[in-house]
Amino acid sequence: MNQKTFDVIVAGGGTAGAIAGLAAARNGARTLIVEKNRCLGGQFTAGMMGAWVGFSDKLHRCVGGIAWELRNILNELGAVVDEDPETDVCYLYDTEVAKVVLADLAAREPNLTTYLNTQIVDVLQVGDTLSGLVILSEMELMEVRAEMIVDCTGDAAVAAKAGVPCEIRPKKEIQPMSLVGKMSGVDLARVKAYYKEHPPVKDHMVAPSWREFKTFPGFMHYGFMDMLEGVELPPHLEYLRSWFGTFMSSPNEGEITINCSGAYLSAISGFLGVRESRRVLGDYKVTMDDFMAARDFEDSIGRGAMPAGYHTADGVTMIVYNLEPGKSMTIPYRCMVAKGKENLLVAGRCASYEIEVANCIRCMPQCMAMGEAAGTAAALAVKHSVTARRIDVGELQKILKDNGGIL
C-alpha cells in the first residue's frame with residue numbers, strides 16, 4: 001500500500017476543516033486535507049447554506065481571523081449582502097463564489113495538500129496515539145501518516161474509529177436535517193410588495209433565534225401558516241402548516257429559496273444539512289451554564305453569541321435561549337481535545353458540548369474559529385514536539401489574536 005507522510009492531517013475539508021487546513025499550513029506544518037466531496041467548504045459551499053450566521057453578539061462582531069478574511073474577500077467580489085457588519089444576524093453570500101475562493105486560498109498555500117473525493121477507511125494508531133489514516137480515492141487505497149490529526153468530519157468519524165467516547169442521542173430526539181435548494185427567476189420586488197401589503201400574522205419575517213438581532217440583510221420570510229390559512233390539505237401534508245421553513249434572498253438578482261409562480265429550480269444542495277450526530281467527549285464539555293453565564297474561559301479560542309438551543313425533532317420549531325446584547329460565550333480549547341488521545345483534536349459541530357448549547361457553537365463562523373484554532377494548535381504541537389494537550393495555549397491565543405481572532 002502506498003504511504004505518504006505529513007505533519008498534520010485534517011480529516012474533513014468542510015466548514016471547520018478547510019479553515020483548519022489553511023491555519024496549519026500557514027503556521028508552517030506540511031498539511032493534508034482529506035475531503036469526501038469534490039470541493040472544500042462542506043455546508044458553507046456544497047450545502048448551499050447562503051446565510052452565514054453567528055458573527056454578532058447583537059452589538060459587536062465577535063468572530064475574526066480567517067473567517068473574517070474570507071468574508072472580506074467575498075465582499076470585495078460582490079458576493080456578500082450585509083446591512084451592518086457589526087450587528088447583522090448573518091451575512092447573505094454566494095455559495096458558488098465561496099467554492100472558488102476557498103479553492104484559491106488552498107492552492108496558494110505551499111504547505112497544503114488537498115485530497116478531494118476521498119474517503120476515510122480506518123485509523124492507524126499505537127496505544128493512545130494516532131499515527132495516520134487509511135484513505136480511499138477512486139483510484140487508490142493509501143496510508144497517510146502524521147504527527148497530529150484534526151477531526152473535522154462533523155460526525156466525529158475519526159474519533160469514533162479511534163475509540164474516543166462519543167455521545168449521540170436517540171433518533172427520535174435528534175435534530176432534524178434540512179436540504180437546501182435555490183429558486184431563480186423570482187420577481188423579488190413583487191414578493192416584498194406582497195408582504196408589505198399582507199404582513200405576517202401567524203408567521204414571522206425571521207426565524208425564532210434571530211428575532212432579537214438589530215439588523216438582517218436582504219429579504220427573509222419564515223413559516224407557511226399564513227399562506228395556508230383556509231387551504232385544505234390532505235392529511236399527509238398537514239404538517240406543512242407548522243413546518244420550519246425559511247425563504248431568503250441572496251446576492252444574486254432574482255434568486256431565493258421560495259417556490260412561487262414564474263420561478264424555476266436552479267440548484268439543489270449536494271448533501272443534507274446535518275445539524276447533529278456524534279459529539280466527542282473532550283477534556284472539557286461546554287455546558288448550558290457556561291452559555292448562560294457568558295463564561296470567559298482562560299483557554300478561549302473564539303466566541304459565539306447566537307442563541308443557544310436546538311431544533312425540535314419534529315421539525316416544527318426551535319428551543320431558544322438568548323444572551324443579552326453585547327454578551328458572548330467563549331469556546332475553550334479543551335472542548336476540542338479528544339479524551340484519552342494524545343494527538344487528536346476535534347473541531348466543528350462534533351466538539352464536546354451539551355446539546356442545549358448546540359445552536360451557539362455549531363454555527364459556521366464558530367466552526368471556522370474552532371477549525372483555525374485546531375489547525376494552528378496542531379502546527380504548534382508538531383513544531384514543539386508536544387501533544388495536543390501540552391501545547392502552550394498562550395502562544396496559540398497570541399497567534400489567533402495576531403491574525404485578527406476575537407477571543
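**View 1. Aspartate 296 is exposed, at 53% relative accessibility, and here we zoom in on its salt bridge with arginine 303.** Keep in mind that this is a predicted model. The closest N and O atoms of Asp296 and Arg303 sit 2.6 Å apart. So what about the other half of the pair: is arginine 303 buried or exposed? Arginine 303 has a relative accessible area of 17%, so it falls under the 20% cut-off and counts as buried. In other words, this salt bridge runs between an exposed aspartate and a buried arginine.

**View 2. Lysine 285 and glutamate 167 link distant parts of the chain.** Their side chains meet in a salt bridge, 2.8 Å from N to O. Lysine 285 comes from the loop between strand 17 (279-280) and helix 6 (288-292), while glutamate 167 belongs to strand 12 (residues 166-167), and the two are 118 residues apart. Both ends are partly exposed: the relative accessible area is 28% for lysine 285 and 24% for glutamate 167.

**View 3. Here are two more spots with salt bridges, out of the 20 found in a search of the whole structure.** Arginine 108 and aspartate 104 bring their side chains together at 2.7 Å, N to O. Arginine 108 is the exposed partner, with a relative accessible area of 59%, whereas aspartate 104 is partly exposed at 33%. Elsewhere, Arg26, Glu69 and Glu109 join up in a salt-bridge network. As a reminder, side chains of opposite charge can pair when their charged atoms come close.

**View 4. Strands 8, 9 and 10 follow one another through two hairpins.** Strand 8 (residues 119-126) pairs with strand 9 (residues 129-136) in the antiparallel sense, over seven bridges. Leucine 124 has glycine 132 of strand 9 as its bridge partner. Two residues lie between strands 8 and 9, and in that turn glycine 127 has a positive phi of about 65 degrees. Strand 9 then pairs with strand 10 (residues 141-145), again antiparallel, over five bridges. Which residue of strand 10 stands opposite isoleucine 135? Look for methionine 142. The hairpin from strand 9 to strand 10 goes through four residues.

**View 5. Five strands with parallel pairing make an open sheet in the order 7-3-2-11-22.** Strand 7 (112-115) and strand 22 (344-346) are the edge strands; each has a single partner strand, so one side of each lacks a neighbour in the sheet. On average, neighbouring strands here are turned by 20 degrees against each other, ignoring direction. Toward one edge, strand 11 (residues 148-151) runs parallel to strand 22, with three bridges joining the two. Isoleucine 149 bridges to leucine 344 in strand 22. Helix 1 (residues 15-26) lies across strand 2 (8-11), strand 3 (31-34), strand 7 and strand 11, and runs at about 170 degrees to strand 3.

**View 6. Helix 2 (residues 65-76) has the length you'd expect for its twelve residues.** At 1.5 Å a residue the expected span is 16 Å, and the end C-alpha atoms are 17 Å apart, which agrees. Which residues of helix 2 are buried? They are Gly65, Ile66, Ala67, Trp68, Leu70, Arg71 and Leu74. Their cover includes helix 1, strand 4 (51-53), strand 5 (80-81), strand 6 (90-93), helix 3 (95-107) and helix 8. Just past the end of helix 2, glycine 78 adopts a positive phi of about 70 degrees.

**View 7. The largest nonpolar core has 76 residues.** Phe44, Trp52 and Tyr333 have the most contacts inside this core. Helix 8 (residues 364-384) gives the most to the core, with twelve residues. Set aside its neighbours within four places in sequence, and tryptophan 52 still has plenty to list: it is in contact with Phe44, Ala67, Leu70, Arg71, Leu74, Val89, Cys90, Tyr91, Tyr93, Met364, Pro365 and Met368. Apart from this core lies another one of 25 residues, including Ala11, Val123, Ala162 and Cys350.

Conventions: Residues are numbered from 1 along each chain as its sequence is written. This is a predicted model: local features need pLDDT of at least 70, side-chain atom pairs count only at pLDDT 80 or more; totals for chains, interfaces and linings use all residues. Side-chain values use heavy atoms; hydrogens and water are left out. Two strands pair if DSSP finds at least two bridges between them. A salt bridge is a side-chain nitrogen of Lys or Arg within 4 Å of a carboxyl oxygen of Asp or Glu. Buried means under 20% relative accessible area, exposed over 50%, partly exposed in between (1.4 Å probe, protein chains only). A nonpolar core is a set of buried Ala, Val, Leu, Ile, Met, Phe, Trp, Tyr and Cys residues joined through side-chain atoms within 4.5 Å. Contact means heavy atoms within 4.5 Å. Axes are lines fitted to C-alpha atoms, for helices over the stretch in contact, and angles run from 0 to 180 degrees between N-to-C directions. The expected span of a helix is 1.5 Å times one less than its number of residues.
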